[in-house]
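Colleague: I am new to this structure and would like to go through it with you. Could we begin at the surface and then work inwards?

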Amino acid sequence: MEYAYRYRREYTAVLWALADSSAALFSGFTALAQVLNLPEQDAQEQQLAVNAVTRWLRQERGWLLILDNADEPQIVKEFLPPDHQGRLLLTSRARVFDALGVRRPLSLEKMSAAEAQEFLLNRSGILAAKPNAAQFPSWEGQGVGQLLNQEERAALQQLAQELDGLPLALEQAGAYILRQQCTFSHYLASYRKRRLSLLKQAQPLNHAQSIATTWALNFEQVQQRSAAAADLLSLNAFLHPEAIPLEIITDVAAELGPHIAAALADLANDPLLVDELLEPLTAYSLIRRNLDQNSYDTYRPVQAALQADMDAAVQRRWAERAVIAVSRVFPYVEFETWPVCERLLPQAQTCADLIEHWNMQSEAAGRLLNQTGSYLKERARYTEAEPLYLRALAMREQALGPQHPHVALSLNNLGFLYCKQGRYAAAEPLYLRALTIWENALGQTHPYVAAGLKNYAALLRATGRETEAAQLEARAAALRAQHAQANPAPAKGA
């Protein structure tokens, strides 16, 4: 629309048609016959009107034809003469236009956070209501304090983030806020509760379909093309939307349902299978590949639309699969694996929220909480690590019983975290309980006992009990020497 407005004087005619299906193009070309006042415009057989428009496009020069939502470029080709004399502008979520001879389409990225906030301020009428406010010539938040209080500024920033910079979603939100004269904070609270149903309540400016309707059509098209891609789309709805590592799919395909498992069954011998799995999603711009990072992005409103179309049982199934997948690929925490842990951390933290929301009690959930907490502890992010350790401990106690060795592992980890924070009084009973469990369940000479003795000795030294510490250190050293060869270190990832 903006291009047509700016350059309309350079064309003899500016024409527009919806192109999301053959039926839409047929209707659109029939309407163009009337706009162009062609003799066939009132023909009883509408194909004659379509043919007349195609003939006009071939014969006339200097026109611009805009085809909107041309998500299936091969359909467009059927309506265009191969030797036309004008210019064609397509908007589309497709990425490949070989059928039309286009090799390098222009990709329109989502709005930046700053652009999205400025857009919402304009569309909701805030700027117009306060004409003396800053004009934001180069928006970086300057002057926003003249418009909004601290609560509203925070809500504006959060709303722009949750709508993920997608212009149509921002348009619908801004239109609703303007019509209802509500605040950003009230809209944000309602959006978090109702998501896509709220976006449907505001008709977007000069756009026939809401964002939910547009995506519903794309979801249906993906399902028709590939059941595996549709399943992957469902999985994406429960992952962190940015930089989703491909190994979450490729390394654990068997855990993600029969369709994805079958699609990637021969991946070791045919690496292009993963690209074929992703292609239907990139074709409709439901994800964006990051080839240099071996990852891809999706969009928060897309995730909300997908979840809104699932009942509770289906949501839980995909949430559990997401947790299993991330748990399987999250490595044992040591210095060498820090980069991998950091790469997976946003996914692990999102899964931690899923575990809490759905009250999961699985082995995979407990392991992921424990390993994520261990990585955060290693990076001195103690405040973030503690709730993960606590939930892992509670989960293991409930699932395995209070005397299980894995419960002792969680106790030991939590005690180690408290020692790092100088909370020795809180750590000591955890260390003692972990030692008791290991000694009773595994025997007093087990390597886990040696590790527990070493940790407890460090606590005793930190609290000035040198004699007791020395005795425990000697016992731990003797156990380690005894098992140096016959008994290797405890299994990683416990």
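Modeller: Let us begin with L89, which is partly exposed, at a relative accessible area of 31%. Please keep in mind that this is a predicted model.

Colleague: Where does L89 lie?

Modeller: L89 belongs to strand β3, which covers residues 85-90. Together with Y3 and Y7, L89 forms a nonpolar patch on the surface. The accessible area of Y3, Y7 and L89 together is about 240 Å².

Colleague: And E118, which helix is that in?

Modeller: E118 is placed in helix α5, residues 113-123. Its relative accessible area is 23%, so E118 counts as partly exposed. The C-alpha atom of E118 is separated by 45 Å from that of L393, and the two residues are 275 residues apart along the chain.

Colleague: Let us turn to salt bridges. How many are there?

Modeller: The count comes to 24 salt bridges. One of them joins the side chains of R55 and E40, with an N to O distance of 2.9 Å.

Colleague: Which parts does the pair of R55 and E40 tie together?

Modeller: R55 lies in helix α3 (residues 46-59) and E40 in the loop between α2 (22-35) and α3, so the salt bridge ties together parts that are 15 residues apart in sequence.

Colleague: How exposed are they, starting with R55?

Modeller: R55 has 32% relative accessibility and counts as partly exposed. E40 is partly exposed as well, with a relative accessible area of 22%.

Colleague: What does K110 meet in a salt bridge?

Modeller: The side chain of K110 meets that of D164 in a salt bridge of 3.1 Å, N to O. This pair links distant parts of the chain: K110 is in the loop between β3 and α5, D164 is in the loop between α7 (150-162) and α8, and they are 54 residues apart.

Colleague: Is D164 buried or exposed?

Modeller: D164 is buried, at 5% relative accessibility. K110, by contrast, counts as partly exposed at 25%.

Colleague: What about D164 and R300?

Modeller: The side chains of D164 and R300 also meet in a salt bridge, at 3.0 Å from N to O. That pair too links distant parts of the chain, since R300 is in helix α16 (residues 300-308) and the two residues are 136 residues apart. Both D164 and R300 are buried.

Colleague: Which residues are linked in a network of salt bridges?

Modeller: K110, D164, E242 and R300 are linked in such a network.

Colleague: Now for the interior. Which residues touch the most other members of the largest nonpolar core?

Modeller: They are F184, L232, I249 and L264, in a core of 118 residues. Helix α18, residues 338-357, contributes the largest share of this core, with 9 residues. Apart from it lies another core of 24 residues, including L15, L32, L36 and A70.

Colleague: What is L232 in contact with?

Modeller: Leaving aside its neighbours within four places in sequence, L232 is in contact with I249, I260, L277, L278, L281 and Y296. Three of those names appear again in a moment, as L277, L278 and L281 are among the buried residues of α15.

Colleague: Why is α15 largely enclosed by the rest of the structure?

Modeller: In helix α15, residues 273-283, 8 of the 11 residues are buried, so the helix is largely enclosed by the rest of the structure. The other buried residues of α15 are L273, V274, P280, T282 and A283.

Colleague: What follows α15?

Modeller: S285 follows α15, and S285 is found in the loop between α15 and β5. Its phi is near 55°, a positive value in a residue other than glycine. Most residues other than glycine have a negative phi. Q181 likewise has a positive phi of about 55° without being a glycine. Q181 lies in the loop between α8 (167-180) and α9 (184-194), and Q181 is exposed, with a relative accessible area of 62%.

Colleague: You mentioned β5. What is the order of the strands in its sheet?

Modeller: The order is β4-β6-β5, in an open sheet of 3 strands with antiparallel pairing. The edge strands are β4 (244-245) and β5 (288-290), each of which pairs on one side only. Strands β5 and β6 (residues 295-297) pair over 3 bridges.

Colleague: Which residue stands opposite Y296?

Modeller: R289 stands opposite Y296, which is in β6. Y296 is also one of the contacts of L232.

Notes. Residues are numbered from 1 along each chain as its sequence is written. This is a predicted model: local features need pLDDT of at least 70, side-chain atom pairs count only at pLDDT 80 or more; totals for chains, interfaces and linings use all residues. Side-chain values use heavy atoms; hydrogens and water are left out. A nonpolar core is a set of buried Ala, Val, Leu, Ile, Met, Phe, Trp, Tyr and Cys residues joined through side-chain atoms within 4.5 Å. Buried means under 20% relative accessible area, exposed over 50%, partly exposed in between (1.4 Å probe, protein chains only). Helices (H or I, at least four residues) and strands (E, at least two) are DSSP runs, numbered from the N terminus. Contact means heavy atoms within 4.5 Å. Two strands pair if DSSP finds at least two bridges between them. Patches are made of residues with over 30% relative accessible area and no salt bridge: like charges are joined within 9 Å, nonpolar side chains (Val, Leu, Ile, Met, Phe, Trp, Tyr) within 5 Å. Accessible areas come from the Shrake-Rupley method with a 1.4 Å probe; for residues, only the protein chains shown count as cover. A salt bridge is a side-chain nitrogen of Lys or Arg within 4 Å of a carboxyl oxygen of Asp or Glu.
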